[in-house]
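Reader: I've got a structure to go through and a handful of questions about it. Mind if we take it piece by piece?

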Amino acid sequence: MGLRFTVLGSGSTGNATVVSSDAATVLIDVGLSGKKIDELLKEREISGEDLDAIFVTHEHSDHIKGLGAFARKHRLPVYANERTWGAMARIVGDIPEPNRKVLPTDSVMEIADLRIESYGISHDAVEPVGYCFQADGAKLSLATDLGYVSDKVMKQLQNSDVMVLESNHDVDMLRMGRYPWNIKRRILGDTGHLSNEAAGDALCRLLTGSLRRVYLAHLSQEHNLMDLAKLTVNTVLESNGFFYHKHEFALCDTYHDRPTPWDIIK
Ligand SMILES: Nc1ccn([C@@H]2O[C@H](COP(=O)(O)O)[C@@H](O)[C@H]2O)c(=O)n1
């Protein structure tokens, strides 16, 4: 069991993911209440006491809603870049100084045998990041809340074994949906969220290496369906000549209201 993870919750109602190596376990984002995170961890047979640290992607409430309460309860160190700390200070409340850790964007650190790398992404937060994790020769990449996938991000995601990739909306459903126009423009823009097609396009450039599974994540409950997201991504892949067998590669589900099973990458 060299590297494994579970997505506890995914979508604008709250995001949180646990990544675990042989000797370290970390939580990425606390976008649900602290109480709910405790319940979800229990469902996956771990607890807050098993965690070594929390890593924050950005200050939007669906990523930090329960951060302050959860970090204080379990006395956990919290890692974020300087500007994200500034932007979330009021929402998160008091985190004791020794547990306020600054991890600059595009830097690497290690907790025991777990290598953690942050990378900058395009989203309308002060300095949003994604994270890649490596242990025991395996690589997991988390890539959600992306307006678009830049060449730099694409390079960062290369050689992943498993990815959690945003597939937020179906563009036609969003265009015809009931959100106000300014919000639609935001979601569709370069600092908004990846559509199903954009996720498919990104995968066309990533499916050449070791990639075995992609979890489609941060799906809109208003403008998407898991089956539609998978169909669209598959259609984009096939129209670009990528045909695969189930045992070689799979698209996997995430949920807004329940955790994914542990995925044991290695
Ligand atoms: N009234 C709303 C609804 C949603 N948003 C933001 O739009 C993004 C996509 O939301 P989905 O739930 O459709 O995935 C997300 O960033 C929401 O926070 C909004 O600003 N106002």
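Author: Sure. One term before we start: two strands pair if DSSP finds at least two bridges between them. And keep in mind that this is a predicted model.

Reader: Fine. How many bridges join β7 to β8, and which way do the two strands run?
Author: Strand β7 covers residues 108-111 and β8 covers residues 114-120. Within this pairing, V108 stands opposite E117, and E110 has R115 as its bridge partner. The strands are joined by four bridges, and they run antiparallel.

Reader: Which residue in the hairpin of β7 and β8 takes a positive phi?
Author: The hairpin has two residues between its strands. Most residues other than glycine have a negative phi. Here a residue other than glycine has a positive value, near 50°, and it sits in the loop between β7 and β8. That's A112.

Reader: Is A112 buried or exposed?
Author: Count the neighbours: A112 has 12 other C-beta atoms within 10 Å. The cut-off for exposed is 12 or fewer. So A112 comes out as exposed.

Reader: What about N159, where is that one, and how does its burial come out?
Author: Phi of N159 is near 65°, again a positive value in a residue other than glycine. Its place is the loop between α5 (151-157) and β11 (162-166). With 15 other C-beta atoms within 10 Å, N159 is partly exposed.

Reader: Back to β8. Which residue in β9 is the bridge partner of G120?
Author: β8 also pairs with β9, residues 129-135, in an antiparallel way. Six bridges join these two strands. In β9, the partner of G120 is V129.

Reader: Now the open sheet of seven strands. Which strands stand at the edges?
Author: The order reads β6-β5-β4-β3-β2-β1-β14, with mixed pairing. The two edge strands each have a single partner strand, so one side of each is left without a neighbour in the sheet. They are β6 (100-102) and β14 (263-264).

Reader: And how do β5 and β6 pair?
Author: Strand β5 takes in residues 78-80 and is joined to β6 over three bridges. In one of these, V78 has R100 as its partner. The sense of the pairing is parallel.

Reader: Which residues touch the most other members of the largest nonpolar core?
Author: In soluble globular proteins, nonpolar side chains tend to be buried together. This core has 68 residues. Leaving out residues up to four places away in sequence, I54 touches V26, L27, V30, L67, A71, L76, V78 and Y79. The two that touch the most other members are I54 and L216.

Reader: What covers the buried residues of α8?
Author: Helix α8 spans residues 196-206, and its buried residues are N196, A198, A199, G200, A202, L203 and L206. The elements covering them include α5, β11, β12 (213-217) and α9 (226-239).

Reader: How do the residues of the shell around the ligand divide?
Author: Among the residues around the ligand are G11, S12, N168, Y179, H193, E222 and H223. I183, I187, S220 and Q221 are there too. The split is three nonpolar, seven polar and one charged.

Reader: Last one: which domain does UniProt list for residues 13-218?
Author: The end C-alpha atoms of that span lie 9 Å apart. The span is 32% helix and 26% strand. The name comes from an unreviewed UniProt entry: Metallo-beta-lactamase.

Methods
Residues numbered from 1 in each chain as written. Predicted model: local features only at pLDDT ≥ 70, side-chain atom pairs only at ≥ 80, totals over all residues. Near = placed C-beta within 6 Å. Nonpolar A, V, L, I, M, F, W, Y, C, P; charged D, E, K, R; others polar. Core = buried A, V, L, I, M, F, W, Y, C linked by C-beta atoms within 7 Å. Buried ≥ 20, exposed ≤ 12 C-beta atoms within 10 Å, placed from the backbone. Contact = placed C-beta atoms within 7 Å. UniProt positions renumbered as here; feature names shortened; annotations may be inferred.
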